[in-house]
Amino acid sequence: MKVLFYASTFGADLLAFAQYLDKIPDVSIKVLLSDPEKFQNEGVAKLIPLKAELIKKSLKNYFFKPGDFKPDVTIMDNKVPLRAPSPNGFMLWHGFGWKGPNDVPEFRWLHNSIKAAWGSAMEPNPNFRWQCFGEWDFKHRTEISGFHPDNCRVLGAASHDVLRDPFPKEKMQPFYPFDVVNRKTILIAPTWHYGEVFSHWGTDRELFEKLLNRIDKHDANVILRLHDSFRFDSTYIAFLEELVDNHPNTLLKFKDQNPDNLLDMMVSDALITNYSSIANLFYATGRPTIHVYPVKSKDEDFQWRKHTAFGTRKKTLNSVKYIWKLSPEENGGLMAMDFDMLLEQVDEVLNNPDCCKEKAQDFLDEYMLGADGKNCQRIWEAVQEQVKG
């Protein structure tokens, strides 16, 4: 079988599944991604080198098949090529998450793209499959997002298989500038849609400083992992760089500059996020997660940021409930409702590393097939079923 990965970001589930297929005889893989060299410089590419050929996306292969390679199936994470490079398309969506509503109006662009490439996903279509993380996700995708049940498969998250069995920290040490073996590391990975992370409690300039000072008292490291750098203005980036200069145990990463997040999740002892979907993947480590409640009140006006082809669009919403497809109270860890609570929870997760283990597993059991280590196998079986008919 010939498999093409069409990557918006080659990481997390897409990368984990590519690594799984790379070991299967008689499977030939090519990966279309924005910057192969940048990915090859990532630690995970050196720890798990791929035999698959990495190809830089260009205008030519955006429209047409890459060279003489004629794939049987194209695996995607959220963006769809303008023309189908293969008879079959398979979507590994880029996160379970809480944000939504992911209804038909929101997904209109996606449905139109899929229809242009492989035919409508809103009616039975043997040429297109959509991966669901669990039964709840299947229900949401079929009843809210508009995908026909015949096109959806309950398969779990591919990267859970990797995160259940992380590398020893000694193997990951060469890829970090601070001691990750003898010191604990906190991963701070916020979503960007709410603007500043702590704007509902104060200013990021003031509160990030206090947060890092609290972590410093534990002699712990910080990986501050943000979305694409182009989503932030130059003033905010300058503030972040100044913050890192003042805290040598802090490493700043942007998604477009350091696309892999698997190694960061494997090396970290705890996660802080304002409901980025990275949390649902991190749960598989069994390590604690602090969820920063992202707004002051569910029913308070706030600005929701959305990235489009024409730049960042801001929309004022009168209730945050509009953009939650799953209640934020439904989570696999701790939830901070104010900044003082966040600081107390930082102490808790660093002093009690098992504090969220049971709750994280409960969430995985309820929504994500328990992260049982068989997700890549399920996805591969679904791909074979689709291609072989």
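User: Which residues does Ser229 touch, not counting residues up to four places away in sequence?

Analyst: Ser229 touches Ile237, Phe254, Asp256 and Gln257; a contact means heavy atoms within 4.5 Å. A word on the source: this is a predicted model, where local features need pLDDT of at least 70, side-chain atom pairs count only at pLDDT 80 or more, and totals for chains, interfaces and linings use all residues. Residues are numbered from 1 along each chain as its sequence is written, and side-chain values use heavy atoms, leaving out hydrogens and water.

User: What makes the Ser229 and Asp256 pair a polar contact?

Analyst: Their side chains come to 2.8 Å. The term asks for a pair of N or O atoms within 3.5 Å; within protein, one must be able to donate a hydrogen and the other to accept it, and residues adjacent in sequence count only if both atoms are side-chain atoms. The value of 2.8 Å for Ser229 and Asp256 fits that limit.

User: Why is Ser229 called buried?

Analyst: Ser229 has 14% relative accessibility, and buried means under 20% relative accessible area, exposed over 50%, partly exposed in between (1.4 Å probe, protein chains only). So Ser229 counts as buried. Ser229 sits in the loop between β9 (221-226) and α10 (234-246); helices (H or I, at least four residues) and strands (E, at least two) are DSSP runs, numbered from the N terminus.

User: Leu369 and Ala371 both lie between α14 and α15. Is each one buried or partly exposed?

Analyst: Leu369 is partly exposed, with a relative accessible area of 27%. Ala371, at 2% relative accessibility, counts as buried. Neither is a glycine, yet phi is positive in each: about 55 degrees for Leu369 and about 50 degrees for Ala371.

User: How do you know that the bond between Gly100 and Pro101 is cis?

Analyst: Omega is about 0 degrees for the peptide bond joining Gly100 and Pro101. Pro101 belongs to the loop between β5 (88-91) and α5 (108-118).

User: Zooming out, how many helices and strands are there in the protein chain, and why is it called as compact as a globular protein of its length?

Analyst: The protein chain has 15 helices and 15 strands. Its radius of gyration is 20 Å, close to the 21 Å of the globule rule for 389 residues, so the protein chain is as compact as a globular protein of that length. That radius is taken over C-alpha atoms, and the rule is 2.2 Å times the number of residues to the power 0.38. Of the 389 residues, 57% count as buried.
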